[in-house]
Amino acid sequence: MTTERVIEAVGVRKNYKGGTEGAGLNGFDLEVTAGTVTGLLGPNGAGKTTAVRILSTLLELDSGTATIAGYDVRRQGAEVRRRIGLVGQHAAVDEILTGRQNLVMFGRLNHLGHAAAVRRADDLLERFSLTDAAGQPVGKYSGGMRRRLDLAASLIVAPKVLFVDEPTTGLDPAGRLEVWSAVRQLVDGGTTVLLTTQYLEEADQLANRISMLKAGKVVAEGTPDELKTQLGSDWLDLVLADPADVARVIQLAEPLADGEIRVNEVRISVPVKDRTRALVTMANSLHEAKIDPEDITLRRPTLDEVFLHLTGAAA
Ligand SMILES: Nc1ncnc2c1ncn2[C@@H]1O[C@H](COP(=O)(O)OP(=O)(O)O)[C@@H](O)[C@H]1O
Ligand SMILES: [Mg+2]
């Protein structure tokens, strides 16, 4: 296990001139270790793109420090740029050219000879399951195919760190799954990835570590499991067959609840501390009350609940 720090940001501040007071970054800290995917998770406007732009030298920070592979983004920009790739929120590929032509062009722009560029393009098309579509103009690609081509283009020169800014925003569920598998491919290939997302599920699926961002500051950081454990309680979820039983079941659940019980129609979620005892007690109470639920399950908190708890806002 290497613990080489590939990205490090300490107390980074950025206030946009003429922008809203407090918008941007307000003491942003981040540590990313080689060979991992770190998810930067936060709602719209939290500062995700600002952080990516600063780390990739596209935007200058006001104060604090940030380094990529030990190189300072402010003073050693050229060294930083040599080691990074960036897949932005908006596709950088040309719609008229085919997928293969786009990749060959990127290769040529990155100083590969023609034959080497073609070879690299074909490798990447294969890797991202785009071989069949390689000869079609990108204008005909689905959203998921386009993002996969973006990812492929960013890998032409095998960057040490790849920034991927909201890769699945605006994609349908199928496109999202395609992109997830493409990101997993990247990581299997050894690329260190900083992925921004507003989707908790995406961070949970792809990231080894997650930094939760709120108003330009990281409010929690850890593995998905650590973040869920931070919250303490587990949840006892009940789905009732008969809406008429809801009030009675809430009453039965109250003595077990370690916090506020949530009710959504016939679904009742009870935060509990001693999970097994809570399950047994609840099952007994229901049995005695002759209520037969559709479903009764124990589960860990979701990242959504962690985020809600920490920030008072849904991601
Ligand atoms: N060029 C800009 N000028 C002024 N304010 C900006 C600019 N870019 C972003 N902001 C503001 O900074 C905050 C963070 O934006 P951004 O980094 O794009 O967030 P995210 O990517 O998490 O949605 C938002 O409040 C946004 O309105
Ligand atoms: Mg953004």
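## Helix H5 and its surroundings

Helix H5 is mostly covered in this predicted model, with 11 of its 12 residues counted as buried. The helix runs over residues 143–154 and reaches 17 Å from its first C-alpha to its last, which is close to the 16 Å expected at 1.5 Å a residue. Its buried residues include nonpolar ones such as Met145, Leu149 and Leu151, but Arg146, Arg147, Arg148 and Asp150 are among them too.

Several elements pack against the buried residues of H5: the strands E6 (84–87) and E7 (161–165), together with the helices H3 (99–109), H4 (114–127) and H6 (173–188).

## How H3 and H5 meet

The axes of H3 and H5 come within 9 Å of each other and cross at roughly 25°. Because angles under 35 degrees count as roughly parallel, H3 and H5 are therefore described as roughly parallel to each other. On the side of H3 the contact is made by Gly99, Asn102, Leu103 and Phe106, while H5 contributes Leu149, Ala152 and Ala153. The crossing of the two helices, H3 and H5, is right-handed.

## Two nonpolar cores

In soluble globular proteins, nonpolar side chains tend to be buried together. The largest nonpolar core in this model has 45 residues, and those with the most contacts inside it are Leu103, Phe128, Leu149, Leu151, Ile210 and Met212. A second core, separate from that one, has 26 residues, including Val6, Phe28, Leu30 and Ala34.

Leu151 of H5 shows what such a position touches: leaving aside residues up to four places away in sequence, Leu151 is in contact with Val87, Phe128, Leu162, Val164, Val179, Ala182, Val183 and Leu186.

## A second helix pair, H9 and H10

Helix H9 (residues 246–253) and helix H10 (residues 275–288) have axes that come within 10 Å and cross at roughly 140°, and that angle makes H9 oblique to H10. Here Val249, Leu252 and Ala253 in H9 meet Met282, Ser285 and Leu286 in H10, and H9 passes H10 in a right-handed crossing.

## The protein as a whole

The secondary structure of the protein comes to 11 helices and 14 strands, and its C-alpha trace spans about 75 × 45 × 45 Å along the principal axes. Of the 315 residues in the protein, 46% are buried. Among contacts between residues at least 6 apart in sequence, 66% join residues that are at least 24 apart.

Terms used
Residues numbered from 1 in each chain as written. Chains lettered and ligands numbered in written order. Predicted model: local features only at pLDDT ≥ 70, side-chain atom pairs only at ≥ 80, totals over all residues. Heavy atoms only, no water. Core = buried A, V, L, I, M, F, W, Y, C linked by side-chain atoms within 4.5 Å. Buried < 20%, exposed > 50% of the residue type's maximum accessible area, 1.4 Å probe, protein only. Contact = heavy atoms within 4.5 Å. Helix = DSSP H or I, 4+ residues; strand = E, 2+ residues; numbered from the N terminus. Expected span 1.5 Å × (residues − 1). Axes fitted to C-alpha atoms, helices over the stretch in contact; angles between N-to-C directions. Parallel < 35°, antiparallel > 145°, perpendicular 65-115°, else oblique. Left-handed = near helix turned anticlockwise from the far one by under 90°.
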